[in-house]
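Student: I would like to go through the reasoning behind the labels on this model. Can we take them one at a time?

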Amino acid sequence: MSPVIEVRNLRKTYGAGDTAVHALRGLDLTVEKGEYIAIMGASGSGKSTLLNILGCLDVPSSGKYLLDGIDTGEFDEEQLSLLRNRKIGFVFQSFNLVPRTTALANVELPLVYAGVRRAQRRERALAALDLVGLKERTHHRPNELSGGQQQRVAIARALVTSPAIVLADEPTGNLDTESSREVLGILDRLNASGRTVVLITHEDEVAAHAMRTVRVVDGSVQTGGVAGVLV
Amino acid sequence: MRLFEIAAFAVRGLTANKMRSGLTTLGILIGVASVILLIAVGNGASSAVQQSIAGLGTNILTISPQRAQPGSTVKPLTTADAAALVGPDSPDVKYASPVVSAQATAGYGTTSYAISQFIGSDPRYFDTTNSAVAQGNLFSDNDVQQARKVVVIGATVATQLFPGTDPVGKSMLVNNIPFTVIGVLAAKGSSGLQDADDMAVAPLTTTQNALTGYGSLSQIVVQARSADALPNAQAQVTTILNGRHKVTQTADYRILSQDQLLTARTATTETFTVLLASVAAISLLVGGIGITNIMLVTVTERIREIGIRKAVGAPRSSILGQFLIEATLLSLFGGFLGVAAGVIGSRFTIAGIQPVLVPSSVLLAFAVSALIGLFFGSYPASRAAKLRPIEALRHE
C-alpha cells in the first residue's frame, strides 16, 4: 500500500536572482497511513512552507509530491481545490473560521463545496461537532466562542469530509494550557481512530503526542525522531 | 455544488453590511428611477405638443415672415396679402386670416396680469385653432370692421384677472386701453412648454390700433377647402405670394402645414427626451461604478474569508459566482426599487408636464440594471476568484 504522503526532493524558492530565498532545499518525507507526525524546526526553517505545500495551499518550485498516490504536480488550480476539499483537513494556528457565521455553518462549509445534500450535511456537521465536544455551541458565531472552542470548531471542519490526512499548523500556538490540552486530546483520539495527523509545533510537550518527530533545518529534514520520546 | 448555496453565501455577505449594501443600492435606484422618469417626462411633453398641433386641424397652412437673409430684403406680410390669397386664382383656399400678436399687460380693478399672447385676428381664427367658447360670445366680422374694443380671453387670463367673478361684460385695461370682455375660451391645457390658455384674442383692427401698429403680420393662417386640397392650396398660395413679393430666388416667407409643424415640434421634443435620457443614463453609469467600488472594497476586506473558503476546497467558479451574485443582487434590488420609484414618480405632474410612462423604458432600465451588476461586478469578482489561497490566508 502506498504511503499517504510521499515527498521527493521538494524545493521552494521565493523571488529570483540574488534576492532569491530558498525555503525548501530538496526535502524528502514519507508519511504512512495512520501515522501521527510532529514537524519541528526553528522559525524560518521552512516547516510552514512544507505544510502549506502538503495542504495544496501552495505549490513547490520543483520536486514531487504524491498525496494518497496521486501526483499533485500535474494538477491545475481547479483540481487542487478538489483535492483540498476531499483529501485534506487543515487546522490553522489562527483558527480561520468564516466570521459572522455559526459554528455549524463553518463546519458545513467544506461539505457545501463538496456538493453534499443539506440533510446529510447537517447530520455530518453535527456529528463532527459532537466529536470535538461542541454539540451545545452549534449556533454560536466565532466571536461568541473562546479560542479553544474556535479551534475545536476548526478541527471539526477539518475532519468533517473524512480526509486522508489532517494537517495542523501550530494548532495550540494561540491557546492557553487548558485549551491546548483539549485540542491535543482531540487530535490524539483522531489518530487513535486511524486518522493520519501531521502537525507543526515548536513545543516539545506537543511533539510528545506524536509517534515520530521530524526536524526541519534550513529547508531539509535533519533526522527521523524516535517514536514516543519524551524530553 | 449548487447555485442555491452560492446565492445563500452572497445574501449573507450582503446582509453582513446592510448600511453599505443599502447605499450602493441607492445609487442604482436613483439611476434607474431617473431613466424611467425623465423618459416619461420627455414622452409626456412630446405627446402634449402632438395633441396641441393635432388640434389645429389637417387643412391648415401657416404663413409666417422669414427672417432677413444677408443680401435680400424682406417684405412684410400684410393684410392686403391675406386678402389677396382668397380669390379666383386660388380656388382651393377657403379663407385666410391675418394674425398679429403681442405681449400685453392687462388690468382689472387693482389686479394686473401680463398676457403672454395677445392676438389680433378675425372670427375665422377661432375656427382654425379649434377654440371653443366657454362663456359669452366670440366677436364678429362687424366687430372687426368697426374696430370695436372687445376681447375674448383664455382660461388662465380669466382665473388670474377675474378670480371668483364672471368676466363677461367687464371692462379690462390692455396697455391702459379699455376693452370689454365678451367671452371666455374653453381651457386647452398646457402644451408642454407653454400655457395655451395664457392668451386673449381681439379683432385685428382693434389690436393693430391699440397694440401692434400697422406693420407686418405675425402670421397668415390659411384654411384649405379640405385636407386633400391642401397641396394645391399651398401651391396657389405660393404662386400668389411670390408674385406679390416679387420673389426670384428664396422666398421671404415660409409656409408650414400642420404635418411639417408636427415634424418640427416632434423633432424638438425628441432631442429634449434624448438629452434627458442621457443625463439619466450617466447617473446609472455612476451607480454602476459605485458597485465596482463597493465590490472591490468588499473583496479586499474579505480576502481572508476567500482564503479560508479556498483552503476548504472552494473552486474558482464558486468564489466568482458568489461575488457576481452579490453585485447582481445589489443592482437588481436597486433596479427593482428604482422601477417602483420611477412608476410612482411618473404619476405626478413634473414642471407642468404630465409624464407618460414608456413600458419599454421600464423593461430596459431594469434589464440594464441587472447587466450593470454582472458587468461592474465581474472585475472585483474575478480578482477574488484569482487569489492564490496561501496569499489570501496571509492577508491581514
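**Labels and their grounds**

Tutor: Start with the second largest pocket: H13(B) gives the most to its lining, with 3 residues. Keep in mind that the model is predicted.

Student: What makes a residue part of the lining of the second largest pocket?

Tutor: A lining residue has an atom within 4 Å of a pocket point. For this pocket, 13 residues qualify, and the closest to its centre are A:Phe92, A:Ser94, A:Asp169, B:Leu393 and B:Arg394. The elements giving two or more residues are helix H1 (47-54) of chain A and helix H13 (389-394) of chain B. The volume is about 280 Å³.

Student: How does the lining divide into nonpolar, polar and charged residues?

Tutor: The lining has 4 nonpolar, 5 polar and 4 charged residues. Asp and Arg count as charged, so A:Asp169 and B:Arg394 fall in that class.

Student: Which helix axes in chain B come within 11 Å, and at what angle do they cross?

Tutor: Those of H9 (residues 258-301) and H11 (residues 316-345) of chain B, at roughly 140°. Their crossing is right-handed.

Student: What makes this a contact between H9(B) and H11(B)?

Tutor: Contact means heavy atoms within 4.5 Å. H9(B) supplies B:Ile291, B:Met295, B:Thr298 and B:Val299. H11(B) supplies B:Phe323, B:Glu326, B:Ala327, B:Leu330 and B:Ser331. These residues divide into 6 nonpolar, 2 polar and 1 charged. Glu counts as charged, so B:Glu326 is the charged one.

Student: Which residues of chain B does UniProt list for "domain: ABC3 transporter permease C-terminal"?

Tutor: Residues 278-388, in an unreviewed entry. Over that range chain B is 82% helix and 0% strand. The end C-alpha atoms are 41 Å apart.

Key
Residues numbered from 1 in each chain as written. Chains lettered and ligands numbered in written order. Predicted model: local features only at pLDDT ≥ 70, side-chain atom pairs only at ≥ 80, totals over all residues. Heavy atoms only, no water. Axes fitted to C-alpha atoms, helices over the stretch in contact; angles between N-to-C directions. Helix = DSSP H or I, 4+ residues; strand = E, 2+ residues; numbered from the N terminus. Left-handed = near helix turned anticlockwise from the far one by under 90°. 1 Å grid on protein atoms, 1.4 Å probe; cavity = no way out; pocket = protein on both sides within 12 Å on 5 of 7 lines; lining within 4 Å. Points joined across faces, edges and corners; volume = space filled by probe spheres on them. UniProt positions renumbered as here; feature names shortened; annotations may be inferred.
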